[in-house]
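Trainee: Got a minute to go through this model with me? I'd like to start with the pockets.

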Amino acid sequence: MGGPIVKDKAFFFVDQEGIRLLIPTNTQARIPSPEFENATIANLQNLGLNASVPFYNNIFNLYNNASGASRAKPLIDCGSAGITDLPAGDPCVLAFRSTVGQHTDQWILASRLDFNLGSNDRLFIHGEMDCGHQGYFTDPISPLFNLVSNQPEEQGQIGWTHLLGNNKVNSFRGTLQYYSAIFSPPDMTKALQAFPSTLYFYDSSLTTLGGMDSIAPSGSNITQYQFVDDFSWIHGNHNLKFGLNFYRSDIGDYGFGYLSSGFLGFFQYLPGGSPLSAFYNGGFAPDSSSGDLLGKVFPTSLVQPFALYRLVFYAQDEWRIANNLHLTLALRADHSSNP
């Protein structure tokens, strides 16, 4: 919606728009079978690894409470996974089709004011507010492990054009913007309370537990501002132009959160082993063909500040030597900072 505020003097424009989506998923989720769970707990106790039992029970509870777990069907039998303690043909892994969804939405408000301040001056002011929520990753085991990003953005701009007589004009623009895109579970504290790391099976025999927590938080906060000024002067046969452009970004980089909550992987590195057998034996298979690996980093801070700027200057003379001959001399200098 837009129109005049004062006839021929002031005008307004405003725009509001939004979108709301429910993002569907369709993926195969793989969870441990009750037979495998019971046998694993018993095996840990036989190996004297009683301290690991609560940790394993928590894993099994998360898998068993997944939406759709009640309709899971056998997928991998224990024999093919290298686990011979269970009867032949007993399933170790069940599978079901997960179709849980997650919402994404965005809301934008933009506005502009234009003013004719007189015969020599024009001014405009522009502002925008953007509130967005991105559903980046939907976890089939628990919504606690979804990866989402709240992405607020705000910006403003002011522009002033001033005529100096009949042969000179100056144009100035100043802008400011703030933007944030941090990717993290809906509640990182609750996610890590539910499971303190990310559990990954290198053969995908079981669905990853903990979603994408190992890379969270990630993303950045950015504040940007810019000043641009252009001056034009027609002097005889010369059209002179000068300009200055300064741009700066202040960035809060969250990339240092990678692996801050750890990454626990069960893998196979010799023929005959399997990640499931390593998991079954508390992290290391008796035949030394498979095992586990925990990777974790300890950053001094999850976010680090960076700043960079760019400064540009130009000067130009377009000389009309004759009606059919123009000569242009231009000089431009750019300096980009080292962040």
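Trainee: Which element gives the most to the lining of the largest pocket?

Mentor: Strand β3 does, with three residues. Strands here are DSSP runs of E, at least two residues long, and helices are runs of H or I, at least four, numbered from the N terminus. One caution: this is a predicted model, where local features need pLDDT of at least 70, side-chain atom pairs count only at pLDDT 80 or more, and totals for chains, interfaces and linings use all residues. Residues are numbered from 1 along each chain as its sequence is written, and side-chain values use heavy atoms, with hydrogens and water left out.

Trainee: How much space lies in that largest pocket?

Mentor: About 220 Å³. A pocket is an open set of points on a 1 Å grid over the protein atoms alone, where a 1.4 Å probe fits, with protein on both sides within 12 Å along at least five of seven lines. Points are joined across faces, edges and corners, and the volume is the space filled by probe spheres set on them.

Trainee: Which residues are the closest to its centre?

Mentor: Gln-28, Pro-140, Leu-206, Thr-207 and Thr-208, out of 14 that line the largest pocket. A lining residue has an atom within 4 Å of a point. The elements giving two or more residues to the lining are β3 and β11 (199–201).

Trainee: OK, β3 again. What is the strand order in its sheet?

Mentor: The order is β3-β5-β4, in an open sheet of three strands with antiparallel pairing. Two strands pair if DSSP finds at least two bridges between them. β3 (27–32) and β4 (73–77) are the edges: each has a single partner strand, so one side of each has no neighbour in the sheet. The twist averages 35° from one strand to the next.

Trainee: How many bridges join β4 to β5?

Mentor: Four, and β5 spans residues 91–98. Asp-77 stands opposite Pro-91 in β5.

Trainee: Which helix lies across β3 and β5?

Mentor: Helix α1, residues 34–46, which runs at about 135° to β5. Axes are lines fitted to C-alpha atoms, for helices over the stretch in contact, and angles run from 0 to 180 degrees between N-to-C directions. Ser-33 sits in the loop between β3 and α1.

Trainee: Is Ser-33 buried or exposed?

Mentor: Buried, because its relative accessibility is 0%. The cut-offs are under 20% relative accessible area for buried, over 50% for exposed, and partly exposed in between, with a 1.4 Å probe and protein chains only. Not counting residues up to four places away in sequence, Ser-33 touches Pro-91, Cys-92, Val-93 and Leu-94. Contact means heavy atoms within 4.5 Å.

Trainee: What about Phe-279, where does it lie?

Mentor: In helix α4, residues 275–280. Phe-279 has a relative accessible area of 1%, so it counts as buried. Leaving aside neighbours within four places in sequence, its contacts include Phe-36, Thr-40, Tyr-56 and Phe-266. The C-alpha atoms of Phe-279 and Thr-40 are 8.3 Å apart, although 239 residues separate the two along the chain.

Trainee: Switching to the N terminus. How do β1 and β2 run?

Mentor: Antiparallel, with four bridges joining β1 (residues 2–6) to β2 (residues 10–23). Pro-4 stands opposite Phe-11 in β2. The two strands form a hairpin with three residues between them, and Asp-8 in the turn has a positive phi of about 65°.

Trainee: Over how many bridges do β2 and β6 pair?

Mentor: Over 14, in the antiparallel sense, with β6 at residues 102–118. Asp-15 stands opposite Ala-110 in β6.

Trainee: Last topic. How many salt bridges are there in the whole structure?

Mentor: Five. The cut-off is a side-chain nitrogen of Lys or Arg within 4 Å of a carboxyl oxygen of Asp or Glu. One of them joins Arg-112 and Asp-114 at 2.8 Å, N to O. Arg-112 is partly exposed at 32%, and Asp-114 is partly exposed at 25%.

Trainee: Which residues are linked in a network of salt bridges?

Mentor: Arg-310, Arg-332 and Asp-334. Asp-334 and Arg-310 meet at 2.9 Å, N to O. That pair links distant parts of the chain, 24 residues apart, with Asp-334 in β17 (residues 325–336) and Arg-310 in β16 (residues 304–322). Asp-334 is partly exposed at 38%, and Arg-310 is partly exposed at 39%.
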